Amino acid sequence: MIRLTAPNRQGTDSNKWRRYAPDVLPLWVADMDFAADPRITDAIRARLDHGVLGYGRASDAQRETLVRAMKRDHDWTIQPEWLVFLPGVEPGFNMALSAFTKPGGGAMEDLPVYAPLRAAPGNWGLDLHEVWQSHDGDRWTSDAGEMEEAARVSDAMLLCNPQNPTGRVYTRDELEFRAELCLRHDMVLISDEIHCGLVLDGRRHIPIASLSPEIAARSVTLMAASKTWNVPGLKTAFAIVPDADMRARFEASKKGMVDSVNILGLAGMTAAYDQCTDWREAAREQLTANRDLLVRRLAELIPGAHMHPAEAGFLAWIDFRDLALPKPAADFFLETARVALSGGTDFGTGLEGWARLNYGCTPDLLDEAVRRMAQALQDHGEKA
């Protein structure tokens, strides 16, 4: 039986734990506190034991591991040559925009969305056409009419599935509608699917490019082991680009700015996809328990905070607006509770009353954070 462990990260090189003072509980960046599967570190150690750390690239065997994983996990048959290895998903969607759009064009995406993806169109002189999600009482959705309007003036669709920060896992019908928009309006589809390994509650992730050969032929799908197996520091990801001409243009867009992948990252990523599905299942179970704990504790201690349970991942998108806080929610809780959240305005304008909380931590730390936040609110009420 796999048991997740959470070593003390204070005093290490962790961005998550070094950004704030030692008395702050860091629940902000999308980085879990769980130690990697030992089979991943063993694979890295074995590669180190070879002793020569020269330039490298993915082997045929490593490519075949990902081919098998896509079939096993998503019932998606891909070819080894479709894979392009990258040091991260963020370089990948920026490369795709650089390769397949021109300044003055447009790109559409659902908001709120995490900051690098929201900023990417502006990096390449594109107008961002926002389609704002709303909650229908059951899940976060985007209006079909608004999506149609955005598609008419866009050259690319940026998709984040599972969605960050709302935690949505898009249904087949929703994905088919987005694919149809791309085909009808001649848009390139750039799909960030980095959280796809952590779908919860028995859901199954559907890569949008797997829906048909037509949508695959105009798609760039971006994935990594980094979120699922908590190895983001390995800086290793991959794109799946089925069309040969698109793949050549995508590769050419590196332009000396995007380097090759670290050979130790390749070793760790291969082990993750090949050997560590049981660790992934243990992580899903722990994250489901943490998510449900957070829902319960917010209802008990901060009933004015509203959270719709995520369908994937370890990020909670929380609405604090009913609390009428005197400043943005993340700022308030950092200053008064010493709990660091990601501020709502990182994900879109006008979201000061929202914050994103990372529950990829121990249950004790999560409970302590909610208790601190509740106490801060009580103290604030007594002073008001």
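Which residue stands opposite V188 in β8? In this predicted model, A156 takes that place, and the legends below take up the surrounding strands before turning to a helix pair and to several loops.

**View 1. Strand β8 and its parallel neighbour β7.** Strand β7, comprising residues 156–160, runs parallel to β8 and is joined to that strand by five bridges, with A156 set opposite V188. Strand β8, which spans residues 188–192, is mostly covered, since five of its five residues are buried. The burial extends to both faces of β8, with V188, I190 and D192 buried on one side and L189 and S191 buried on the other.

**View 2. Packing of helix α11 against helix α13.** The axes of α11 (residues 277–301) and α13 (residues 363–383) come within 10 Å and cross at roughly 20°. Because angles under 35 degrees count as roughly parallel, α11 is described as roughly parallel to α13, and α11 passes α13 in a right-handed crossing. From α11, the residues Q286, N290, L293, L294, R297, L298 and L301 take part in the contact, where they meet P363, L366, D367, V370, R371 and A374 of α13. Sorted by class, this contact of α11 with α13 contains eight nonpolar, two polar and three charged residues.

**View 3. Two cis peptide bonds that precede proline.** Most peptide bonds are trans. A cis bond nevertheless joins L111 and P112, with omega at about 0°, and P112 is placed in the loop between β3 (106–111) and α5 (115–123). Another cis bond joins N161 and P162, where omega is about 0°. P162 lies in the loop between β7 and α7 (172–184), and β7 is the strand that pairs in parallel with β8.

**View 4. Residues K235 and A324, with positive phi.** Most residues other than glycine have a negative phi. K235, a residue other than glycine, has a positive phi near 50° and is located in the loop between β9 (219–223) and β10 (237–240). The relative accessible area of K235 is 53%, so this residue is exposed. A324, likewise a residue other than glycine, also has a positive phi near 50°, and the loop in which A324 is found runs between β12 (315–319) and α12 (329–337). With a relative accessibility of 61%, A324 counts as exposed, because the exposed class covers values over 50%.

Note on methods
Residues numbered from 1 in each chain as written. Predicted model: local features only at pLDDT ≥ 70, side-chain atom pairs only at ≥ 80, totals over all residues. Heavy atoms only, no water. Axes fitted to C-alpha atoms, helices over the stretch in contact; angles between N-to-C directions. Helix = DSSP H or I, 4+ residues; strand = E, 2+ residues; numbered from the N terminus. Parallel < 35°, antiparallel > 145°, perpendicular 65-115°, else oblique. Left-handed = near helix turned anticlockwise from the far one by under 90°. Contact = heavy atoms within 4.5 Å. Nonpolar A, V, L, I, M, F, W, Y, C, P; charged D, E, K, R; others polar. Buried < 20%, exposed > 50% of the residue type's maximum accessible area, 1.4 Å probe, protein only. Pairing = 2+ DSSP bridges.
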